[in-house]
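Student: I'd like to learn how to read a protein model, one feature at a time. Could you put one up and walk me through it?

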Amino acid sequence: MENLDKLIGELLKLPTETPWVEFKHNNYDPKTIGQNISALANSATLQEKNCAYMLWGIDDETREVVGTDYNLQTLKKGNQEIESWLRLLLSKNADFEFHSVHIGEMNVGVLIINSAVNQTVTFEKMDYIRVGSYTKKLNEFPALQAQLWDRIRNSKFEERYAKLDLSISEALSFLDSYVYFYTRNVPQPTDIDGIAHFLIEEGVLVRQDNGLYSITNLGAILLAKRLDDFPRLSRKAIRTVQYGGNNRLDMLKENIVETGYVVGFEQLIKYVEALIPTHELVKSALREKESAYPILAIREAIANALIHQDFSITGAGPIIEIFQNRIEITNPGTPLVDIKRIIDNPPKSRNEKLASLMRRLRICEELGTGWDKIVLTCELMQLPAPKIGLYQESTRVTLFAEIPFSNISADDRYWACYLHACIKHVQGEQLTNSSLRERFGLKESSSGSISRLIKDAVDRHFIKPLDPKTAPRYMRYIPIWA
């Protein structure tokens, strides 16, 4: 990290230890460090600070730089590196970095701890807080606990700072402002102040009280020229992996998008499109290539993964995995809406500002129609229905290549039937035996098989008859919730 010596100089000017700064000499007790990380992260949020700090090699009373005998990055707890040990026992939203810097001839250890996001930071499932210069259990101070949770509820990832204390020219040097104006189809101002005006209005830049500027997480994650310039966000880079078969044994290619999401999005889509198989068709005596997957569905699924990810889960970012028979798109975090109502529900995101700016920059669709397009385009190509898998801390969307109807599992048939009913319902229509046959690309001779599928889907409460008294051959169906 740059300017660590300047950071230490500013922290040494503080009159006493604050709730967000802790000075130590050589005390590297792992459990104490874990408790202090929890306490300092929570206290930073309570004090509306972006970061908290622990410094080793500083005399607590005199603020004299006395140096430390150890390097936190090389210390171990048993046979395990102390950082790995701490991350196992801290909550997933704990985000911190170890650094070492020489002040004169003295070595100073610096632990930079990001403020608590989305929930309190816990150590061994207990949350702590700083009271004066002491670390205490948070539940012992109900008033502070209530204030902290109020701060957390009102704190937004997009508004926090990714880089601080920059001149306007320094701030713009980290961002690709050309992409912003190009995608918005707005002429780029010729002067720095004009560019800054737009980016400040968007919340990409913030002017600080000291006249310098900060780049917000919103600006960095979308418009960074290099995500590596923002260490806490670099782990949120989009990763694409291609495999040789239908499992993860044979990795063929790997690519990491090193820029912000908006800057690298179109190139990412082209890269994924180049990796997926194509079919050669003959139309009007001309040979044309057709992708095995609808590109619009891939685009929308990737955009959804970026928008709806949970940024408080550290060490994990969006990943696109390409197999021979499917594409899996995984993001940290789980949806805020019931996946069975993902088509008809109004859009809801934990990152509203990010979603709004990505829509204005034409990366994703307005009005929450992304999943409608994913399902419709898969239906038009008569592919299996896209599947949503929920895990403890992640969501995975799977797009399947062409599979014969007879090879589609029963559960996947029910899900396809349900999604078809949902799409028909939002269009003011209903599912019928004929429409479902067409959806799967089956002939009229398969009416009996589709009738059995519909009956099973009704029995399993995926769909229901629009009018149960209608004659069987004229029966129409709607989603179970309609």
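Tutor: Sure, and let's begin with a term. Two strands pair if DSSP finds at least two bridges between them. Keep in mind, too, that this is a predicted model.

Student: Got it. How many bridges are there between β5 and β6?

Tutor: Here's the general idea. Strands of a sheet pair through backbone hydrogen bonds, either parallel or antiparallel. In this case, β5 and β6 (residues 106–114) are antiparallel partners, with eight bridges between them. For one specific bridge, look at Phe98, whose partner in β6 is Leu111.

Student: What is the strand order in the open sheet of four strands?

Tutor: Read across, the order is β1-β2-β6-β5, and the pairing is mixed. The edge strands are β1 (21–24) and β5 (96–103), each of which pairs on one side only. From one strand to the next, the twist averages 20 degrees.

Student: Which strands does helix α1 touch?

Tutor: Helix α1 (residues 4–12) packs on that sheet and touches β1, β2 (51–56), β5 and β6. Compare directions, and α1 makes about 90 degrees with β5. Helix α2 also lies across β1, β2, β5 and β6, and runs at about 145 degrees to β2.

Student: Now helices against helices. How do I describe a pair like that?

Tutor: Two packed helices are described by the angle between their axes and the distance between the axes. Try α2 (residues 30–46) with α4 (residues 142–154): they pack at about 70 degrees, and their axes are 8 Å apart. That is why α2 and α4 count as roughly perpendicular to each other.

Student: Which residues of α2 and α4 meet?

Tutor: From α2 you have Asn42, Thr45 and Leu46, and they meet Leu144, Gln147, Leu148, Arg151 and Ile152 of α4. Sorted by type, the residues of this contact are four nonpolar, three polar and one charged.

Student: Let's move to the other sheet. What is the strand order in the open sheet of six strands?

Tutor: That one goes β14-β13-β17-β18-β20-β19, again with mixed pairing. At its edges stand β14 (251–256) and β19 (387–390); each has a single partner strand, so one side of each has no neighbour in the sheet. The twist here averages 15 degrees from one strand to the next.

Student: Which strand pairs in it can I check by eye?

Tutor: Start at β14, which five bridges join to β13 (residues 239–243), the two running antiparallel. One bridge there puts Thr240 with Asn255 of β14. Next, β18 and β20 pair in the antiparallel sense over seven bridges, and Asn331 has Thr395 in β20 as its bridge partner. Then go on to β19, which runs antiparallel to β20 and is joined to it by four bridges. In that pair, Ile388 is opposite Val397 in β20. A hairpin of three residues links β19 to β20.

Student: Is β20 largely enclosed or left open?

Tutor: Count its buried residues: six of the seven in β20 are buried, so the rest of the structure largely encloses this strand. Helix α11 (residues 295–308) lies across β17 (319–322), β18 (326–332) and β20 (394–400), and its angle to β18 is about 15 degrees.

Student: And Thr216, is that buried or exposed?

Tutor: The cut-off for buried is under 20% relative accessible area. Thr216 has 1% relative accessibility, so it counts as buried. You'll find Thr216 in strand β12 (residues 213–216). Beyond its neighbours within four places in sequence, Thr216 contacts Glu158, Glu159, Arg160, Tyr161, Ala162, Gly203, Val204 and Val206.

Student: How many residues does the largest nonpolar core have?

Tutor: It has 94 residues, and Leu199, Leu205, Ile215, Leu222, Ile302 and Ile320 have the most contacts inside it. Helix α14 (residues 410–426) gives the most to this core, namely nine residues. A second, separate core has 41 residues, including Leu4, Leu11, Phe23 and Trp56. Back in the largest core, pick out Ile320: leaving aside neighbours within four places in sequence, its contacts include Ile238, Val241, Leu268, Val272, Ile302 and Ile327.

Student: Last one: how many helices and strands are in the chain?

Tutor: There are 16 helices and 22 strands. Of the 482 residues in the chain, 50% are buried. The C-alpha atoms fill a box of roughly 90 × 55 × 40 Å along the principal axes.

Conventions. Residues are numbered from 1 along each chain as its sequence is written. This is a predicted model: local features need pLDDT of at least 70, side-chain atom pairs count only at pLDDT 80 or more; totals for chains, interfaces and linings use all residues. Side-chain values use heavy atoms; hydrogens and water are left out. Axes are lines fitted to C-alpha atoms, for helices over the stretch in contact, and angles run from 0 to 180 degrees between N-to-C directions. Angles under 35 degrees count as roughly parallel, over 145 as roughly antiparallel, 65 to 115 as roughly perpendicular and the rest as oblique. Contact means heavy atoms within 4.5 Å. Ala, Val, Leu, Ile, Met, Phe, Trp, Tyr, Cys and Pro count as nonpolar, Asp, Glu, Lys and Arg as charged, and the others, Gly among them, as polar. A nonpolar core is a set of buried Ala, Val, Leu, Ile, Met, Phe, Trp, Tyr and Cys residues joined through side-chain atoms within 4.5 Å. Buried means under 20% relative accessible area, exposed over 50%, partly exposed in between (1.4 Å probe, protein chains only).
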